[in-house]
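Subject: Structure handover

Hello,

Here is the structure I said I would pass on. My notes on what was found follow below it.

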Amino acid sequence: MAANGIVIVDKPQGWTSQDVTAKLRGVFHQKRIGHGGTLDPMATGVLPVFVGRATRAVEFFESAEKGYEAGLCLGRVTNTQDTTGETLEEHPVTVSRADVEAILSQFTGEIDQIPPMYSAVKINGQKLYQLARQGKEIERKPRRITIHSLRLLEGEELRLEVLCSKGTYIRTLCHDIGTALGCGGCMSSLRRTRAGCFTLADSIPLETLIAAEHPEQYLRPVDSLFADLPAVTLTAEQVKPCRNGAAIAMEGRSRCRVYGPDGEFLMVGRFRKGKLWTEKSFFEV
């Protein structure tokens, strides 16, 4: 039986998100695999991977909030905005922890952020990192993002805890904080602690998945992604029109998870004008 579901991978350092999905295609013997939210090679942590029919749910995950812990290196500016890049500037650091904490409020809430040159953002059909590797730098328009919370963690090293919206570059956040402090800065480490409803507590080390005799045991059902939606169970008579994409006469509010009488997850539905409509189906054809 083909593998279907969501596996929460604890991505190791040095792997790209595409490396992980390529490896898991072999692990699960499944060609249809995609990930939810790219992590840079130097980053570790929560990487949801969608397997089989679950890939139909990736679009619902694109706007999920993300949580991170990031190392902040002050006094150094690099071309990649992290410590893996080429050093462009170095400055003495005279600021204190209190100075760092005091400036964080400037970066909380809705802010504009300019995507870094070393990113997969496309401008005129070309990815920025491809231009950057050619030694080119072009003008980028600011993007509106939201930093829901930002605080300095305890300890001798400067580490930030960030909860943010889709599209936030933590490297750029570190760079911009360093600029605001007057000494420059870059990101020294990054660990994603949360992606949507999934946390590090849900994640499985990639090496565990690779070594597992039965890796499918780590797959979560696709409806776990929609656990915050109310559940609706159809009668046997209602299942057929549901499978045919027809609306079902039913009162309700907003969206819901829809199941058959046998407990099979059929779709995410949406109520409108006294009917239940298919938003996205997940049943096996």
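**Salt bridges**

E110, D112 and R144 are linked in a network of salt bridges. Please keep in mind that the model is a predicted one. Within this network, R144 bridges to E110, and their closest N and O atoms are 3.1 Å apart. R144 belongs to strand 10 (residues 143-152) and E110 to strand 7 (residues 109-113), so the bridge ties together parts that are 34 residues apart in sequence. Both R144 and E110 are exposed.

In total, a search of the whole structure gives 13 salt bridges. Among them is the one between E284 and R53, whose side chains meet at 3.7 Å, N to O. This pair links distant parts of the chain, 231 residues apart: E284 is in the segment after strand 19 (275-281), and R53 is in the loop between strand 3 and helix 2. R53 has a relative accessibility of 23% and therefore counts as partly exposed.

Another salt bridge joins the side chains of R194 and E65 (3.6 Å, N to O). Since R194 lies in strand 12 (residues 185-195) and E65 in the loop between helix 2 and strand 4 (66-74), the pair ties together parts that are 129 residues apart in sequence. R194 is partly exposed, with a relative accessible area of 29%. E65 is partly exposed, with a relative accessible area of 29%.

**Aromatic side chains**

The search of the whole structure also finds seven aromatic pairs. One of them is F50 with F61: the ring centres are 5.8 Å apart and the planes stand at 65°, so this pair is edge-to-face. F50 is part of strand 3 (residues 44-51) and F61 is part of helix 2 (residues 58-61), so the two rings tie together parts that are eleven residues apart in sequence. F50 and F61 are both buried.

For Y259 and F265, the ring centres are 5.5 Å apart and the planes are at 50°, so the pair is tilted. Y259 and F265 are buried as well. They also belong to one aromatic cluster, formed by F60, F226, Y259, F265 and F282.

A ring also appears in a charge contact: the charged end of R272 sits over the ring of W277, at 4.8 Å from its centre.

**The annotated position and helix 5**

Which residue does the UniProt annotation "active site" cover? According to the record, which is an unreviewed entry, it covers D40. D40 is in the loop between strand 2 (33-35) and strand 3. Its relative accessibility is 25%, so D40 counts as partly exposed. Apart from neighbours within four places in sequence, D40 is in contact with K11, W15 and R171.

One of those contacts, R171, is among the buried residues of helix 5. Helix 5 (residues 170-181) has twelve residues and spans 17 Å from its first C-alpha to its last, close to the 16 Å expected at 1.5 Å a residue. Nine of its twelve residues are buried, so helix 5 is largely enclosed by the rest of the structure. The buried ones are I170, R171, T172, L173, C174, H175, I177, G178 and L181. Just after helix 5 comes G182, which takes a positive phi of about 85°.

Regards

Methods: Residues are numbered from 1 along each chain as its sequence is written. This is a predicted model: local features need pLDDT of at least 70, side-chain atom pairs count only at pLDDT 80 or more; totals for chains, interfaces and linings use all residues. Side-chain values use heavy atoms; hydrogens and water are left out. Rings of Phe, Tyr and Trp (its six-membered ring) pair if their centres lie within 6.5 Å; planes under 30 degrees apart count as stacked, over 60 as edge-to-face and the rest as tilted. Helices (H or I, at least four residues) and strands (E, at least two) are DSSP runs, numbered from the N terminus. Buried means under 20% relative accessible area, exposed over 50%, partly exposed in between (1.4 Å probe, protein chains only). A charge sits over a ring if NZ of Lys or CZ of Arg is within 6 Å of the ring centre and within 35 degrees of the ring normal. UniProt positions are given in the numbering used here, feature names are shortened, and annotations may be inferred rather than shown by experiment. Contact means heavy atoms within 4.5 Å. The expected span of a helix is 1.5 Å times one less than its number of residues. A salt bridge is a side-chain nitrogen of Lys or Arg within 4 Å of a carboxyl oxygen of Asp or Glu.
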